[in-house]
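Visitor: I'd like a close look at a single part of this one. Could you pick a strand and walk me through what sits around it?

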Amino acid sequence: MFIDIPSELEADLIDRPLPPWELDGSFLAQSSMEEYRTELTATPRFEEIAATLRHALTGEGGGYAVLRLGNLAKALSGVRFRRLVTGFAAEVAIPFSPFPRWPLWKDIGVKVDKDPWRSSGIGYNAFHMDLVNGTQPPDYTTLLCVRPDPLGGGPSILSDAHAAVARLSENSRALLSESVYHYGTFFDLFGVGEEYKPFPILDGSDPGGFVRFTAKMLERSELGQAHADAARELAEELVRGQVSFMLQPGDYLIVNQRRFLHGREALHSGQETVPASDRRLLLQLFLRARAGDGSAT
Ligand SMILES: O=C(O)CCC(=O)C(=O)O
Ligand SMILES: [Fe+2]
């Protein structure tokens with residue numbers, strides 16, 4: 001789901017600088033959200049685009065969206081552009097940072113010597129949800145493309161998690177509903193609940209809930225054969241149902257983590273020949289649904 005910004009809205013947004021934001025703990029302050037909303041809703045058609053965005057994320061069959069903000073990225077300084085994107089994000093849910101030592105927006109660059117399958121590694125980043133091992137993962141994960149891979153690799157991949165689950169056998173679904181799965185470490189995180197270990201991939205009590213999955217657990221967690229096989233089947237179904245596209249400069253991908261899982265194909269070979277300052281760069285921001293906002297589920 002790609003959403004273009006009408007050119008008259010772009011022109012108005014360029015002429016309407018937003019002030020710096022303030023944080024309240026690890027969350028964007030209510031006062032900043034109100035300030036941004038007042039400024040942005042004064043521009044014609046902003047509310048229409050915000051409604052289209054919310055519908056793409058929470059309407060029937062929806063679950064992700066790409067806001068195409070490339071013209072705004074070109075016209076604005078980095079700081080002003082980030083404020084504007086934060087304003088769009090706050091129309092969906094509350095921006096926050098789970099990592100107390102990092103700013104609201106976290107860089108995802110390219111590190112040639114990191115484990116290739118991890119965030120900012122150069123290899124295939126398999127289907128996952130972010131912060132999978134917190135009891136309350138972020139409702140939305142968002143990625144702002146500053147620079148694509150100059151060598152042309154690294155398309156984003158997305159898959160409807162509930163649709164993939166629906167294609168599995170009842171036996172596999174029963175296995176995925178058992179609390180035997182685990183992944184990764186949990187240290188010094190804000191706003192995502194407690195460590196969840198072990199966890200069920202499917203939470204049977206909540207049909208609109210998370211499919212708490214990361215394909216990375218297949219290689220890196222000790223699992224019994226039957227549970228591992230069920231998880232592998234789910235990983236295969238996610239790939240079967242995937243869509244993929246290349247993020248362009250200024251594209252803002254928002255993923256409803258209660259509906260879709262995400263990942264990224266490998267970057268093109270030869271990253272070591274690209275100067276670090278020219279490599280692919282994304283900025284990541286997490287969102288928490290507003291209390292009582294049933295639309296996230
Ligand atoms: O590099 C990407 O496009 C995705 C990165 C990602 O999913 C993550 O860091 O959690
Ligand atoms: Fe991710």
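Guide: What follows is a walk around strand β9, with a few stops further out.

First, the ground rules: this is a predicted model, in which local features need pLDDT of at least 70, side-chain atom pairs count only at pLDDT 80 or more, and totals for chains, interfaces and linings use all residues. Residues are numbered from 1 along each chain as its sequence is written, while chains are lettered from A and ligands numbered from 1 in the order in which they are written.

Strand β9 covers residues 156–160. Strands here are DSSP runs of E with at least two residues, helices are runs of H or I with at least four, and both are numbered from the N terminus. Of the 5 residues in β9, 4 are buried, so the strand is mostly covered. Buried means that 20 or more other C-beta atoms lie within 10 Å of the residue's own; 12 or fewer makes it exposed, anything in between is partly exposed, and the C-beta atoms are placed from the backbone.

Now for the partners. Two strands count as paired if DSSP finds at least two bridges between them. β9 runs antiparallel to β10 (residues 243–245), with 3 bridges joining them; in that pairing, Leu-158 has Val-243 as its bridge partner. β9 also pairs with β12 (residues 260–264), again in the antiparallel sense, over 5 bridges. There, Ser-159 is matched with Leu-261, and Asp-160 with Phe-260.

Put together, these strands belong to an open sheet of 4 strands, in the order β7-β12-β9-β10, with antiparallel pairing. β7 (125–128) and β10 are the edge strands, each pairing on one side only. From one strand to the next, the twist averages 15 degrees, where axes are lines fitted to C-alpha atoms (for helices over the stretch in contact) and angles run from 0 to 180 degrees between N-to-C directions.

Next, the ligand. Ser-156 is among the residues around ligand 1, as are His-262, Arg-264, Asn-125, Asp-130, Ser-119, Ile-108, Leu-143 and Leu-282. Being around it means having a C-beta atom, placed from the backbone, within 6 Å of the molecule. By class, this shell holds 3 nonpolar, 4 polar and 2 charged residues. For that tally, Ala, Val, Leu, Ile, Met, Phe, Trp, Tyr, Cys and Pro are nonpolar, Asp, Glu, Lys and Arg are charged, and the others, Gly among them, are polar.

Leu-282 also leads us to another strand, as it is the bridge partner of Cys-145 in β13. β13 (residues 281–288) is largely enclosed by the rest of the structure, because 6 of its 8 residues are buried. β8 (residues 140–147) pairs with β13 over 7 bridges, in the antiparallel sense. β6 (residues 106–108) is joined to β13 by 3 bridges and runs antiparallel to it, with Asp-107 opposite Leu-283. Another antiparallel neighbour, β5 (residues 94–96), is joined to β13 by 3 bridges, and Ile-94 is partnered with Arg-288.

For contrast, try Glu-60, which sits in the loop between α3 (46–58) and β4 (64–68). Glu-60 counts as exposed because it has 5 other C-beta atoms within 10 Å. Back to β9 to finish: the C-alpha atoms of Glu-60 and Ser-159 are separated by 15 Å, and the two residues are 99 residues apart along the chain.
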